[in-house]
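Student: I have a protein model open and would like to go through it with you. Shall we start with one residue and work outwards?

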Amino acid sequence: MLWQRLSPHVVRSASSWWEGAGNTFSSDTSRWRISYPYVLAGVALSEAAAIFGGALAVEYIGQSFLSLTPFLDRTIALSEVGFVVYALLCQSKGLYRMSALLDARQHRNHVILSWLLALAMQLALIYPLRLADSFYVGLLFASGAVDLALLLAIRRAFARALRAFTAKHSVAGRRAVVIGDAEELGRLSAAHLNLSFGLSEVARVTLDDEAAANGQLTERGQSKLEEARRISAETNADEFVIAFRWRDVDLIAEIDLRLRCSALPVRLIPDRSLRRLVSSATSIEMPRIAMSATERAIKRGCDIALASLALLLLSPVMLATAIAIKAGSPGPVIFRQMRSGFNERKFVIYKFRTMNVLENGASIEQARKNDARVNCVGRVLRKTSIDELPQLFNVLKGDMSLVGPRPHALAHDAQYKALIQDYVYRLHVLPGMTGLAQVNGFRGETAMLSDMKRRVDFDVLYVKNWSLWLDMWILMRTPVALILGRAY
């Protein structure tokens, strides 16, 4: 039964919420691992709570024991200013990097200076807020001292906890395929990448002199990048990291251009000269058109909620369809076929069987009008797109989204990638059950290459302009497109 095959995936579907943003906790055999971005978020949230909590506690004491006039709203406003200034200064000094968090004592003076500057900004604002009396200024200094003590205590507590976690290899960074020349990579160990940049290296691809000659990629270099793309799909990597001397501008630009056919972001690591001069140097993300991790997480959450609701409401229709298929012709109820998903990751798509054949090879013919391969029940299912309903299970598994470019058979992907330049950008997001191309009339057979080009144009337009509202608009337009559209 379909449900028996898919139920383990459905049970785990809640954990797939984090697919776009990276897992908060991931299993490595029996060990739980906390993700690097959430460590940093935990530090920032703890410091925000300390700054607000310290200020409110001092004001409460002032009101209770000194009978001071309450200024709760203004105290909160000043605390907001203090936290924002402090957080920005810490970020500029690299104090939210793992190396700084692990050694709180060495960076204590930077924390103190950042908070004193934030306190000075608060003091500068008490005059516009009409709080410049001696009692309130005294309270502000008192809360500043309390906040500083709390900030230092939080940093020390996190340092102890993180040293214990890192000793057990329990802090998981973003999974990265690292690409660079031998000289730069020789000075970038996996431990350094994890502590300084929050990266967990899953593979390393070295471009030697034969791969990059005179600042340009050779045929060997292009082959190496293809290998890196293949590895990224096999290892479920989160991004590419390139490490070259920054003066090799043309080479870096060419590598970035060739990696744009992948859905993964590309991050440039500061070269050894810059790392030696600036201790807080950070990596730079190259411009992309793919969704951010936050956007993917939001979209994933909506997919899980709406797909679960749709399965609940449409289960009678799906049951009736399964019975009709089984009674109408011999063969399985569910048709399975390999497709390419996000970043060219292969997955098995589920559809109700509508044909008398089960094609899944290197050559697949598209369904056309009056196609003899389509059975009687299948004609109704294809016209109404009921045959696509099992893909709700693909959505719950994380292979697909409700909205996105429609996935094509592997044979068609190989064919059209060679013919249409922007075709690969369709793979920058999860494929969808419906999409912008489908609600604009490009549904069903693409007999002419121009038809596929127009479909790809809409798909790329969707990727570049994604928003939650666009997804909702496409979902609302889909029933109309099913009624007016053509499908064989």
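Student: Is Gly 341 buried or exposed?

Tutor: Good place to start, and keep in mind that this is a predicted model. Gly 341 sits in the loop between strand S11 (334-340) and S12. A residue counts as buried under 20% relative accessible area. Gly 341 has a relative accessible area of 2%, so the residue is buried.

Student: Which residues is Gly 341 in contact with, leaving aside its neighbours within four places in sequence?

Tutor: One partner comes from far along the chain: Pro 431 is 90 residues apart from Gly 341, yet their C-alpha atoms are separated by 5.9 Å. With the neighbours within four places set aside, the contacts of Gly 341 are Phe 347, Leu 427 and Pro 431.

Student: How many bridges join S11 to S12?

Tutor: These two strands form a hairpin with 5 residues between them, and Asn 343 in the turn has a positive phi of about 55°. One pairing to look for is Arg 339, whose bridge partner in S12 is Phe 347. The strands run antiparallel, and the number of bridges joining them is 7.

Student: Why is S12 described as largely enclosed by the rest of the structure?

Tutor: Happily, a count settles this one. S12 is largely enclosed because, of its 7 residues, the number buried is 5.

Student: Which element gives the largest share of the largest nonpolar core?

Tutor: That core has 33 residues, and Phe 352, Leu 392, Leu 402, Tyr 462 and Ile 474 touch the most other members. Elements that give two or more residues to this core include strand S12 (346-352), helix H17 (449-464) and helix H18 (468-484). The largest share is 5 residues, and the element that gives it is H12.

Student: Which residues between 318 and 325 does Phe 352 touch?

Tutor: Residues up to four places away in sequence are not counted here. Elsewhere along the chain, Phe 352 touches Val 333, Ile 334 and Phe 335, among others, as well as Leu 381 and Pro 390. In the stretch you ask about, the residues are Met 318, Thr 321, Ala 322 and Ile 325.

Student: And for the protein as a whole, what percentage of residues is buried?

Tutor: The secondary structure comes to 18 helices and 14 strands. Among contacts between residues at least 6 apart in sequence, 72% join residues at least 24 apart. The accessible surface comes to about 24300 Å², with 61% belonging to carbon and sulfur atoms. Of the 488 residues, the buried share is 47%.

Definitions and conventions
Residues are numbered from 1 along each chain as its sequence is written. This is a predicted model: local features need pLDDT of at least 70, side-chain atom pairs count only at pLDDT 80 or more; totals for chains, interfaces and linings use all residues. Side-chain values use heavy atoms; hydrogens and water are left out. Helices (H or I, at least four residues) and strands (E, at least two) are DSSP runs, numbered from the N terminus. Buried means under 20% relative accessible area, exposed over 50%, partly exposed in between (1.4 Å probe, protein chains only). Contact means heavy atoms within 4.5 Å. Accessible areas come from the Shrake-Rupley method with a 1.4 Å probe; for residues, only the protein chains shown count as cover. A nonpolar core is a set of buried Ala, Val, Leu, Ile, Met, Phe, Trp, Tyr and Cys residues joined through side-chain atoms within 4.5 Å. Two strands pair if DSSP finds at least two bridges between them.
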